[in-house]
Amino acid sequence: MSKQFVKVALCQRSADCSKQENLRHILKAIQEAMRRCPDLDVIVFPEYSYYEPHDAQDGLANAEELDGPFIQALCQAAQRYHVNIIPGSFPEISGYKIRNTCPFIDRKGQVLSRYSKIHLMNWNGIRESDFTEAGQELSVLDTDFGRIGILIGFDLRFPELARSMALKGVDILFCTSCFPWGLEYASRPDHWDILLESTTLYNLTWVCAANQFGQVNGERHLGRSMVVDPWGTPVAVASYREEILLATLDLGYQQTIRSRVGTWESRRPDIYEL
């Protein structure tokens with residue numbers, strides 16, 4: 001059963017460090033988030049918050065198992081602070097490639113689920129599929145504060161994914177990302193904003209997105225971690241810096257919006273082509 005009020009922390013940071021240094025910064029951010037809000041329900045980090053590989057060799061050299069040092073340290077932190085953690089994604093070992101994997105860790109320090117990024121970014125000079133194996137399953141899970149779905153980065157550009165999770169009854173969509181400014185075309189903060197806001201409007205669902213900022217592997221990430229309400233209104237937005245963004249999500253307000261807007265009742269799945 002969902003809580004009415006869900007307290008979240010989005011920890012925006014730059015992962016331009018070694019794995020050991022990134023982990024130290026992540027644990028420090030968890031401590032600081034809990035100091036600011038001791039009754040947090042969930043803490044969220046960006047995509048590749050532990051380490052962002054730049055090619056196949058680098059990815060394999062720094063990949064870990066799900067029970068490796070990174071996730072074990074986060075499980076201990078979740079248990080210590082009694083808080084759910086979405087630690088962002090990490091390079092998970094998968095044969096001759098890696099998976100871009102984001103687990104969900106509950107308050108007891110148990111890994112409830114893991115999601116491997118489905119849509120790999122082969123665009124703008126990046127070919128993620130050269131060294132990454134695509135995931136094959138949606139991430140929808142029941143937590144102690146509600147049913148949630150998880151997306152990673154480029155997944156935002158595929159509305160079918162968020163809609164599929166919304167149809168399965170998610171209360172909140174979490175996106176963990178290292179969304180870049182863009183090199184080939186004009187800068188893309190407008191894309192980030194529009195994608196997040198349209199996802200909320202299409203699905204009448206809270207969206208919480210934690211993004212990296214700064215230079216990582218020669219690519220500049222734009223920050224702007226954001227919480228958007230079911231009416232498409234950003235209620236909290238981070239600046240271009242390391243920042244902990246706190247927000248309280250009112251799921252009662254979400255139900256009010258859903259009851260007043262005919263999005264769900266007016267759907268025509270008998271006509272749509274998937």
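**Exercise 1. Strand β12 and its partners**

Task: In this predicted model, determine which residue of β15 stands opposite cysteine 208, and establish how β12 is paired and covered.

Solution.
1. Cysteine 208 stands opposite valine 227 in β15. The strands concerned, β12 and β15 (residues 226-228), are antiparallel and share three bridges.
2. Strand β11 (residues 172-177) is also joined to β12, here in parallel and through six bridges. Within β11 and β12, isoleucine 172 and tryptophan 206 stand opposite each other.
3. In a regular strand, side chains point alternately to the two faces of the sheet. Accordingly, the two sides of β12 are examined separately: Trp206, Cys208 and Ala210 lie on one, Val207, Ala209 and Asn211 on the other, and all are buried.
4. Six of the six residues of β12 are buried, so the strand is largely enclosed by the rest of the structure.

**Exercise 2. The nonpolar cores**

Task: State how many residues the largest nonpolar core has, and identify the strand that supplies the largest share of this core.

Solution.
1. The largest nonpolar core has 43 residues. Val8, Ile86, Ile148, Ile172, Phe174, Val227 and Leu249 have the most contacts inside this core.
2. Its largest share, five residues, is supplied by strand β12 (residues 206-211).
3. A second core, separate from this one, has 27 residues, among them Leu23, Leu40, Phe45 and Ile85.
4. Leucine 249 may be taken as an example of the contacts made. Beyond four places in sequence, leucine 249 touches Gln4, Phe5, Val6, Val8, Ile172, Trp206, Cys208 and Val227.

**Exercise 3. Buried faces of two helices**

Task: Decide how the buried residues of α4 and of α6 are arranged around the helix axis.

Solution.
1. An α-helix has 3.6 residues a turn, so residues three or four places apart point the same way.
2. In α4 (residues 159-167), the buried residues are Leu161, Ala162, Met165 and Ala166. Viewed down the axis of α4, these fall within an arc of 135°, so they line one face of the helix.
3. The other side of α4 carries Pro159 and Glu160, which are exposed. Just after α4, glycine 169 has a positive phi of about 85°.
4. In α6 (residues 251-260), Leu251, Gln254, Ile257 and Arg258 are buried. Their arc around the axis is only 105°, which puts them on the same side of α6.
5. Ser259 and Arg260 are exposed on the face of α6 turned away from the buried side.

**Exercise 4. A loop residue**

Task: Locate leucine 66 and list its contacts beyond four places in sequence.

Solution.
1. Leucine 66 belongs to the loop between α2 (56-62) and α3 (69-81).
2. Its contacts, neighbours within four places being left aside, are Ile71, Phe90, Glu92, Pro103, Val111 and Arg114.
3. Proline 91 is 25 residues from leucine 66 in sequence, and their C-alpha atoms are 9.5 Å apart.

**Exercise 5. The chain as a whole**

Task: Assess how compact the protein chain is, using its radius of gyration.

Solution.
1. The protein chain has six helices and 17 strands.
2. Its radius of gyration is 18 Å, close to the 19 Å that the globule rule gives for 274 residues, so the chain is as compact as a globular protein of that length.
3. Along the principal axes, the C-alpha atoms fill a box of roughly 50 × 40 × 35 Å.
4. Of the 274 residues, 56% count as buried, which is to say under 20% relative accessible area.
5. Among contacts with a separation of 6 or more, 68% are between residues 24 or more positions apart.
6. The accessible surface is about 12300 Å², with 51% belonging to carbon and sulfur atoms.

Notes
Residues numbered from 1 in each chain as written. Predicted model: local features only at pLDDT ≥ 70, side-chain atom pairs only at ≥ 80, totals over all residues. Heavy atoms only, no water. Buried < 20%, exposed > 50% of the residue type's maximum accessible area, 1.4 Å probe, protein only. Helix = DSSP H or I, 4+ residues; strand = E, 2+ residues; numbered from the N terminus. Arc of directions from axis to C-beta. Core = buried A, V, L, I, M, F, W, Y, C linked by side-chain atoms within 4.5 Å. Contact = heavy atoms within 4.5 Å. Pairing = 2+ DSSP bridges. Rg over C-alpha atoms; globule rule 2.2 N^0.38 Å. Areas by Shrake-Rupley, 256 points an atom, 1.4 Å probe, with all protein chains shown as cover.
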